[in-house]
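Here is a short report on a single chain. Keep the sequence and the 3D view open while reading.

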Amino acid sequence: MDALNLDPGSYGGTYKLVGGRPSLDFINTVSWPETEREHDWLSSAENAKRWFAAVGLPFPRSKEVDLSALHATRRMLASALRPLAHGEQATASAIATIGKAAGHAYQARLIDPQTLTWHWPAPRSATEALSPILLDAAELLTSGTHERLRFCPSCDWLFEDQTRNGQRRWCDMADCGSRDKSRRYYQRSKH
Ligand SMILES: [Zn+2]
């Protein structure tokens with residue numbers, strides 16, 4: 001998996017699209033959540049713009065983008081989906097909040113008279129740009145897909161296990177998978 005070209009600032013790691021769907025990749029824009037190494041990839045408008053472009057979603061043109069709206073929605077989605085990925089129950093209020101926000105996003109859709117497909121008007125704000133991500137999260141929750149929701153045991157990024165046998169364990173084999181392999185090799189050679 002290739003790293004996405006986001007400016008890491010002074011941070012040493014890289015960001016990759018590993019989630020398999022936009023709502024999970026959006027939550028994963030925090031690396032090593034709730035640890036000392038925690039890093040926010042959406043701390044600049046430029047990175048946010050690049051991230052939206054990479055997942056194929058429109059982003060407002062204006063230079064003034066309310067990043068706090070992105071961060072608040074990300075926290076809200078993580079509070080519902082992270083427990084589920086860990087095999088725990090999400091709180092009813094977290095699920096209800098997603099349902100409500102997704103309902104608003106759904107209402108804002110229009111049918112394009114030319115292509116006869118649903119679309120959203122070009123987003124004028126970060127909040128409007130979040131619509132497809134909210135609907136994706138609602139879809140994940142209500143389609144049975146949450147059974148395939150996993151967390152990486154090394155870094156806690158979330159992903160949908162799309163393998164046929166449901167055995168995907170790592171966010172990225174080349175990254176966390178090999179880190180684990182080398183650690184186990186080291187432990188073996190020590191004993
Ligand atoms: Zn990982």
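Which residues of the largest nonpolar core touch the most other members? The model is predicted. Its largest nonpolar core holds 42 residues, and those that touch the most other members are L77, L81, I98, A102, L134, A137 and L158. Two or more residues of this core come from each of α1 (22–27), α2, α3, α4, α5, α6 and β8.

**The chain as a whole**

The chain has 7 helices and 8 strands. Its radius of gyration is 18 Å, close to the 16 Å that the globule rule gives for 191 residues, so the chain is as compact as a globular protein of that length. The C-alpha trace spans about 65 × 35 × 30 Å along its principal axes. Of the 191 residues, 34% count as buried. Take the contacts between residues at least 6 apart in sequence: 57% of them join residues at least 24 apart.

**Two core residues**

A137 is one of the core residues with the most contacts to other members. Leaving out residues up to four places away in sequence, A137 touches S23, L77, L81, I98 and A102. Among these partners, L77, L81, I98 and A102 are also in the group that touches the most other core members.

L158 belongs to that group too. This residue lies in strand β8. L158 counts as buried because it has 27 C-beta neighbours inside 10 Å, and the cut-off for burial is 20 or more. Not counting residues up to four places away in sequence, L158 touches G19, L24, I27, N28, L81, R82, A85, L149 and F151. L158 and F26 are 132 residues apart in sequence, yet their C-alpha atoms are 9.7 Å apart in space.

**Helix α4**

Helix α4 covers residues 92–107. At 1.5 Å a residue, its 16 residues should span 22 Å; the end C-alpha atoms are 23 Å apart, which agrees. A94, I98, A101, A102 and A105 are buried in α4. Seen down the helix axis, the buried residues fall within an arc of 100 degrees, so they line one face of α4. They pack against α3 (67–85) and α6 (131–142). The other side of α4 carries the exposed residues A92, S93, A96, K100, H104 and Q107.

**Helix α2**

Helix α2 runs over residues 45–54, and its N47, A48, W51 and F52 are buried. These residues cover an arc of only 135 degrees around the axis, which puts them on the same side of α2. What do the buried residues of α2 pack against? Their partners are α3 and α5 (126–129). On the other side of α2, E46 and A53 are exposed. G56 follows α2 and has a positive phi, near 75 degrees.

**Positive phi outside glycine**

Two residues other than glycine also have positive phi. E34 is one of them, at about 55 degrees. D156 has a positive phi near 75 degrees. Each sits in a loop between strands, as the table shows.

| Residue | Phi | Loop between | C-beta neighbours within 10 Å | Class |
|---|---|---|---|---|
| E34 | about 55 degrees | β3 (30–31) and β4 (39–40) | 10 | exposed |
| D156 | near 75 degrees | β7 (149–151) and β8 (158–160) | 20 | buried |

Is E34 buried or exposed? E34 counts as exposed because it has 10 C-beta neighbours inside 10 Å, and the cut-off is 12 or fewer. D156 is buried, with 20 other C-beta atoms within 10 Å. The loop that holds D156 leads into β8, the strand in which L158 lies.

**Strand β2**

K16 is in strand β2 (residues 15–16). With 19 C-beta neighbours inside 10 Å, K16 counts as partly exposed. Which residues does K16 contact, leaving aside its neighbours within four places in sequence? They are M1, A3, L4 and D172. P132 is 116 residues from K16 along the chain, and their C-alpha atoms are separated by 20 Å.

Technical notes: Residues are numbered from 1 along each chain as its sequence is written. This is a predicted model: local features need pLDDT of at least 70, side-chain atom pairs count only at pLDDT 80 or more; totals for chains, interfaces and linings use all residues. Helices (H or I, at least four residues) and strands (E, at least two) are DSSP runs, numbered from the N terminus. The expected span of a helix is 1.5 Å times one less than its number of residues. The arc is that of the directions from the helix axis to the C-beta atoms. Two residues are in contact if their C-beta atoms, placed from the backbone, lie within 7 Å. A nonpolar core is a set of buried Ala, Val, Leu, Ile, Met, Phe, Trp, Tyr and Cys residues joined through C-beta atoms within 7 Å. The radius of gyration is taken over C-alpha atoms; the globule rule is 2.2 Å times the number of residues to the power 0.38.
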